[in-house]
Amino acid sequence: MKTLKIEDIRQKISCFPRKSFIQRPTPLSKLAVLSAELAGPEIFIKRDDLTGIGFGGNKSRKLEFIIADALAQAADSLVTWGSLQSNWCLQAAAAARRFGMKPLLVLFKTYDLPEEYDGNLLLDRILGAEIRIKEARRGKVVRLEDAFGAIEEAASELRAEGGRPYLVSVGGSMPGGSMTKPLGAISYLEAFAETLEQCRERKIGMTHILLATGSGATQAGLTLGAKALAENVKVLGISVSEEKEAFARDVLAIGRALNELLGLGLPLTREDCLVFDEYLKDGYGVVNREVAEAIRLVFSREGIILDPVYTGKAMAALIDMVRKGHFKKEDKVVFFHTGGTPALFPNRRALVELLSPHYS
Ligand SMILES: *Cc1c(COP(=O)(O)O)cnc(C)c1O
């Protein structure tokens, strides 16, 4: 197989329309105190929580390509869905507003948080996004067909009023609706190249990337990036919502679509899509003790705030894997901080209850 260079990848990506509105590259820093305390591999953090739209996060990277596509289609509104406290929905709404489009969000009650304006829901409201709240099964993600049905319904109302809505699936991950290509994943192929470049400059021999995985495009882009540029790097996705097989299938589907779109000719297989579902516990969005403790540990040792739904879970997984000897001492693990911090506030009760033994 011919090996690709970072420049080849950048060249291919530059053919896609993009609106540049985030801070790139995001910082890569060493978690020195945490690494020493865990006494395992050296741990680094890629600060994609500092991308700059709203409170930041991985969705902003994806939106640079998605917003450009919506504008190319002359859309005047962006219609999408997520859970009640969706980071994606907030960032999509903020990016839409920034480029003169009206956001319409269908928010599913996938967990038992109150519907009061708090966290991302408050921010959605401040932006003046049109919000429709729908019932859903607790602890599970909404099925793609059901969710597309719900946004189709909302979009047809906008069309009836003469509007031109752009429909996009949760997380900007799975092609469908108006987004016919895996545009979200392109940005994480690029993020892999960006991280690899930072590691090379600083002579960090990255061996693993670990991230929270939800709708799949972040892991798909990073996994394809590793396949293209550094096959020795393992990309480990910690599932926050689905069982391993269902999830690996989505990552593979998005990764393959991206491979085809860019004509990379890489043989991406199921074995490349490493998903862990051991840390799902009570399901999507349900905060548990390990997550609360991971948030406390990283904040108190490194001054960095994680979120209770994604990055807290991924960090709890990393800590557990280090303790169980998953990594070698000489490994270099890059933890992707994908954002999500507004969700801390609506989860205040669970966090305080789970952490209270530390303060008594
Ligand atoms: C959406 C999200 C993820 C997962 O990214 P996907 O591309 O949807 O898999 C991880 N962390 C945070 C904070 C997110 O909002």
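In this predicted model, D118 pairs up with R348 in a salt bridge, and the closest N and O atoms of the two sit 3.0 Å apart. The partners come from distant parts of the chain, 230 residues apart. D118 belongs to the loop between β4 (102-109) and α5 (119-126), while R348 is part of helix α12 (residues 348-355). Their surroundings are not alike in exposure: D118 has a relative accessible area of 11%, so it counts as buried, the cut-off being under 20%. R348, at 43%, is partly exposed. The general idea behind such pairs is simple: side chains of opposite charge can pair when their charged atoms come close.

The D118 pair has plenty of company, with 25 salt bridges turning up in a search of the whole structure. Another of them joins R270 to E245, with 2.7 Å between the closest N and O atoms. This pair, too, links distant parts of the chain, although here the separation is 25 residues. R270 lies in the loop between α9 (244-262) and β9 (274-276), and E245 is in helix α9 itself. Both ends are partly exposed: R270 has a relative accessible area of 27%, and E245 comes in at 44%.

K324 and D320 make a further salt bridge, their closest N and O atoms being 2.9 Å apart. On the lysine side, the relative accessibility is 64%, so K324 counts as exposed, a label that takes over 50%. D320 is partly exposed at 21%, which puts this aspartate just past the 20% cut-off for buried residues.

Charged side chains also join up in a bigger group than a pair. R18, R24, E64 and E190 are tied together in a network of salt bridges, with two arginines and two glutamates taking part.

Away from the salt bridges, T26 is worth a look. This threonine sits in the loop between α1 (6-13) and β1 (28-30). Despite the loop setting, T26 is buried, with a relative accessible area of 1%. Leaving aside residues up to four places away in sequence, the contacts of T26 are K46, R47, D48, T51, R61, E194 and Q198. That list takes in charged residues, including K46, R47, D48, R61 and E194, along with another threonine, T51, and the glutamine Q198. Taken together, T26 is a loop residue that is buried and touches residues from other stretches of the sequence, among them K46 and Q198.

Technical notes
Residues numbered from 1 in each chain as written. Predicted model: local features only at pLDDT ≥ 70, side-chain atom pairs only at ≥ 80, totals over all residues. Heavy atoms only, no water. Helix = DSSP H or I, 4+ residues; strand = E, 2+ residues; numbered from the N terminus. Buried < 20%, exposed > 50% of the residue type's maximum accessible area, 1.4 Å probe, protein only. Contact = heavy atoms within 4.5 Å. Salt bridge = Lys/Arg side-chain N within 4 Å of Asp/Glu carboxyl O.
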